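Q: I would like a close look at one part of this model, followed strand by strand and then outward to what lies around it. Could you walk me through it at an easy pace?

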Amino acid sequence: MKLKLVPALSVFALNISAAFPTYALTMDLVGRYQTGIYGEAGAEIVDYHQNTQSAYVVNGAKNRIDIIKLAHLSTTAIAHPYTANTLTAVQLTLPKEVVTTDHQSIQLGIANSLTIHGDWLAIAVGNQVKQENGVVLFYSIKQDQTKFVKAVQVGALPDMVTFTPDGTKVIVANEGEPTADYQYDPVGSIGIINLTSNVPDDVAVLLMFDKFESQKEQLIKQGFKYASPEGHSLSQDIEPEYVTVTDDNRYAWVSLQENNALAKVDLKNHNIDGIYPLGLKDFGQVGNGIDASDKDKGVNIHEWQGVYGLYQPDTIHSYTINGKHYTVTANEGDSRDWWFQANDKQACLNAGGKEFDKDDGCLAYSEETRAGKLLLSANNPAKEHMSKKELGRLKVTTTMGDEDGDGQYEKIVTFGARSFSIWDEHGQQVFDSGNEFAKVLAERYPEGFNTDEAENNKDNRSDDKGSEPEALALGDVNGKTYAFIGLERMGGIMVYDISQPKQSKFIDYQLNRDLSTKFEIDDSTDPVTLKGEYIQAGDLAPEGMRFVSAEESPTNNALLLVANEVSGTVSVYQLK
């Protein structure tokens with residue numbers, strides 16, 4: 001597949017194309033690896049080891065690392081991009097039990113993330129009981145040998161791990177998710193593992209959020225979302241998701257996705273300096289309109305007064321322009337919706353559940369509802385648009401929007417911003433892509449607009465976070481800095497020139513998916529539920545991405561590595 005990244009010549013009714021200048025950037029799909037695993041997280045997080053010219057990929061379905069050789073990567077675009085399998089891999093099997101450097105024997109669960117610096121590979125792995133402390137596994141990579149060195153204990157559910165740019169520290173986001181019945185909820189934390197003389201220390205420094213308990217009400221007023229059962233602390237509610245480190249190695253920025261906030265961490269003094277709520281995005285503002293219904297039988301993008309979105313970033317990355325630091329966020333959105341298994345209604349109630357459903361089980365806690373079920377204030381302008389074809393189906397939170405506490409909602413607040421944003425070193429927004437993603441999808445692929453990742457079903461995600469920007473990578477190509485944003489549901493990659501943060505410009509959209517195929521992949525991850533032409537569907541649900549500079553690349557041209565979770569594939573794009 002070969003794509004020249006220039007805006008379309010035709011002018012869509014929403015006028016996305018005419019607003020942007022032409023850029024010359026070619027994006028060729030030159031390699032593709034298939035795990036053969038669909039719907040089970042066969043390819044999640046990817047990083048690159050320069051010395052062996054290999055991509056390392058978390059295969060969550062098999063709980064292993066797939067090591068893909070790129071040394072002989074083609075520079076010619078693939079002829080059959082939806083079904084190609086041109087790359088091979090060897091597998092690194094992960095241990096089921098380790099003895100950590102502090103002499104604790106830990107039964108391991110699933111690998112969640114990995115990171116590479118020099119010849120060090122660090123893998124974040126949860127405990128078999130995910131509410132207990134997990135580990136970071138360290139491996140040395142020498143030629144074709146990946147050798148286990150040590151396991152360092154960190155916090156509960158280490159979800160993301162990264163090296164600082166200089167390789168002197170490893171930073172871990174310990175998410176600390178509760179049990180399904182919400183009876184036990186560990187605190188979220190940030191782990192720091194220092195490397196002394198290029199050797200990982202035996203003990204991690206864990207930074208907690210308990211000191212912010214006194215700031216809880218003020219943070220909520222600033223747009224921080226607190227959504228936990230009564231009696232749960234702020235530290236328990238905070239679930240760190242992703243980490244990026246500034247180019248000077250001094251600070252880490254951490255996405256607190258469910259909370260709609262970023263945290264700033266001083267890596268020199270081992271201190272969480274502050275929490276920065278990201279506020280609300282006004283979907284009634286010109287340029288921010290959304291399609292809010294999966295029942296309107298088409299594309300219906302426009303502004304809705306009284307409706308707001310939470311940014312809630314998943315992946316975040318850092319870059320520096322003219323000496324100033326910026327954080328780039330993929331604004332996916334997320335909610336708290338916890339169910340557990342129970343045999344019947346009485347067993348559910350006895351276990352402290354709120355309600356029983358024969359299909360879903362027992363409800364422990366949920367902040368989710370439909371906009372049409374909210375009791376709206378008389379002065380909420382959205383009140384007259386509660387039909388299923390307008391706002392009634394929109395998934396919203398019950399924890400925000402009741403401004404005066406009278407049980408009536410002055411604002412309708414939904415999950416995610418359906419965009420990407422850029423924030424300065426003070427946590428202030430300097431750019432947001434508005435509703436450009438939706439406009440591009442509507443123009444380029446109206447037959448697949450807001451489809452799900454598990455089937456080709458037009459418009460079925462409009463009521464629920466839209467295309468869901470999740471994956472993100474940044475990189476420089478010929479003097480320009482680009483952001484590559486992966487859309488979890490629709491699939492594909494949005495490309496922006498962010499060289500001038502405040503004037504960031506849409507470049508193009510790359511999609512390697514066949515929207516005409518008939519298939520269904522049940523998200524229960526049960527492989528027997530695979531139906532139809534799923535093998536012909538192409539790449540589904542980009543989860544992780546890694547930009548490889550021309551200096552690192554085996555082809556001497558920049559590359560973009562994309563791990564696609566639902567299709568279990570890794571795609572390699574050449575950029576020049």
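To start us off: through how many residues does a hairpin join β9 to β10?

A: Happy to take you through it. Please keep in mind that this is a predicted model. The hairpin you ask about joins β9 to β10 through 5 residues. Strand β9 covers residues 120-127, and 6 bridges join β9 to β10, the two running antiparallel. One pair to pick out on screen is Ala124, whose bridge partner in β10 is Val136.

Strand β10 itself spans residues 133-142 and is mostly covered, with 8 of its 10 residues buried. On from there, β10 pairs with strand β11 (residues 145-156), again in the antiparallel sense, over 9 bridges. Within that pairing, Tyr139 stands opposite Phe148 in β11. The connection is a hairpin with 2 residues between β10 and β11, and Gln143 in the turn has a positive phi of about 55°. That is worth a second glance, because most residues other than glycine have a negative phi.

Following the chain onward brings us to β12 and β13. Strand β12 (residues 158-163) pairs with β13 in the antiparallel sense over 5 bridges. Here Pro158 has Asn174 of β13 as its bridge partner. These two strands also form a hairpin, with 5 residues between them, and the turn holds Gly167, which has a positive phi of about 75°.

Is β13 enclosed or open to its surroundings? 6 of its 6 residues are buried, so β13 is largely enclosed by the rest of the structure. Its side chains can be sorted by direction: Lys169, Ile171 and Ala173 point one way, while Val170, Val172 and Asn174 point the other way, and all are buried. This fits a general pattern: in a regular strand the side chains alternate between the two faces of the sheet.

Strand β13 also pairs with β14, in the antiparallel sense and over 6 bridges. A good landmark there is Ile171, whose bridge partner in β14 is Ile192. The loop between β13 (169-174) and β14 (189-196) contains Tyr182. Tyr182 has a positive phi of about 60° although it is not a glycine. It is also buried, with a relative accessible area of 4%.

There is a similar case elsewhere in the chain. Asn450, in the loop between α4 (436-444) and β33 (469-477), has a positive phi of about 55° and is not a glycine either. At 3% relative accessibility, Asn450 counts as buried because the cut-off is under 20%.

The helix before that loop deserves a look too. In α4, 8 of the 9 residues are buried, so the helix is largely enclosed by the rest of the structure. Those residues are Glu436, Phe437, Ala438, Lys439, Val440, Leu441, Ala442 and Glu443. What do they pack against? Their partners are β31 (419-423), β33, β34 (480-487), β35 (493-497) and β36 (505-510).

For some surface features, turn to Val187, Leu206 and Met208, which form a nonpolar patch on the surface with about 200 Å² of accessible area together. Of these, Met208 lies in strand β16 (residues 205-208). Met208 is partly exposed, with a relative accessible area of 34%.

Gln218, in helix α1 (residues 216-221), is also partly exposed, at a relative accessible area of 46%. Gln218 and Gln305 are 87 residues apart in sequence, and their C-alpha atoms are 26 Å apart in space.

Finally, step back towards the start of the chain. There you will find an open sheet of 4 strands in the order β3-β4-β5-β6, with antiparallel pairing. β3 (46-49) and β6 (89-93) stand at the edges, each with a single partner strand, so one side of each is left without a neighbour in the sheet. On average, neighbouring strands of this sheet are turned by 25° against each other, direction ignored. Inside it, β4 (residues 54-59) and β5 (residues 64-69) pair in the antiparallel sense over 6 bridges. If you want one pair to click on, take Val58, whose bridge partner in β5 is Ile65.

Note on methods
Residues numbered from 1 in each chain as written. Predicted model: local features only at pLDDT ≥ 70, side-chain atom pairs only at ≥ 80, totals over all residues. Heavy atoms only, no water. Buried < 20%, exposed > 50% of the residue type's maximum accessible area, 1.4 Å probe, protein only. Contact = heavy atoms within 4.5 Å. Pairing = 2+ DSSP bridges. Axes fitted to C-alpha atoms, helices over the stretch in contact; angles between N-to-C directions. Patch = residues over 30% accessible without salt bridge, like charges linked within 9 Å, V, L, I, M, F, W, Y side chains within 5 Å. Areas by Shrake-Rupley, 256 points an atom, 1.4 Å probe, with all protein chains shown as cover. Salt bridge = Lys/Arg side-chain N within 4 Å of Asp/Glu carboxyl O.
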